[in-house]
Amino acid sequence: MILSIILMSQLREGYLILFSGLIIVFSALLTLSLFFKFGLPWMLFVYKIITKGPDKKIKDIPMASNQKFTGEEAAVIAAAIHMYLNEQHDFENPILTIKKAEKSYSPWSSKIYGIQNKL
């Protein structure tokens, strides 16, 4: 009788811990999902308005051209970019050589010294 009461009280405590843990975990997951769904986009929107202001449309940006910029300068810039992107570094041999390292004998790791002969 007493044993069954003790077991039932422990079982009830176990269920209480189980359900309270489940409620805590799922409420935290729900809170995080709502924050990432609604809170984070709103915070990023407010940050964007505060720091950058509204976005400009392409038609609102005035086209400023430099009359001194010639085709020769464009060709030099393009050639420099091409040379930078295609720059060759030292060519290394792609063949890998794997050598087995020799292990020196160490009596500290030998299993034979751990065996005790009991005769």
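Q: Hi! What is the relative accessible area of Phe35?
A: Phe35 has 35%, which makes this residue partly exposed. Buried means under 20% relative accessible area, exposed means over 50%, and partly exposed lies in between (1.4 Å probe, protein chains only).

Q: And what about Phe36?
A: Phe36 has a relative accessible area of 52% and counts as exposed.

Q: Anything I should know about the model itself?
A: It is a predicted model, where local features need pLDDT of at least 70 and side-chain atom pairs count only at pLDDT 80 or more, while totals for chains, interfaces and linings use all residues. Residues are numbered from 1 along each chain as its sequence is written, and side-chain values use heavy atoms, leaving out hydrogens and water.

Q: Okay, how many aromatic pairs are in the whole structure?
A: A search finds two. Tyr15 and Phe19 are a stacked pair, because their ring centres are 6.2 Å apart and their planes are at 20°. For the terms: rings of Phe, Tyr and Trp (its six-membered ring) pair if their centres lie within 6.5 Å, and planes under 30 degrees apart are stacked, over 60 edge-to-face and the rest tilted.

Q: Where do Tyr15 and Phe19 sit along the chain?
A: Both are in helix α1 (residues 2-51), four residues apart, which means about one helical turn separates them. Phe19 is partly exposed at 47% relative accessible area, and Tyr15 is partly exposed at 46%.

Q: Which residues make an edge-to-face pair?
A: Phe35 and Phe36 do, with 5.5 Å centre to centre and 65° between the planes.

Q: Switching topic: how many helices and strands are there?
A: The chain has two helices and zero strands. These are DSSP runs numbered from the N terminus: H or I of at least four residues for helices, E of at least two for strands.

Q: How much of the chain is buried?
A: Of its 119 residues, 2% count as buried.

Q: And what does the chain expose?
A: About 13000 Å², with carbon and sulfur atoms supplying 68% of that. Accessible areas come from the Shrake-Rupley method with a 1.4 Å probe, and for residues only the protein chains shown count as cover.

Q: Last one: where is Leu22?
A: Leu22 is in helix α1, partly exposed at 38% relative accessibility.
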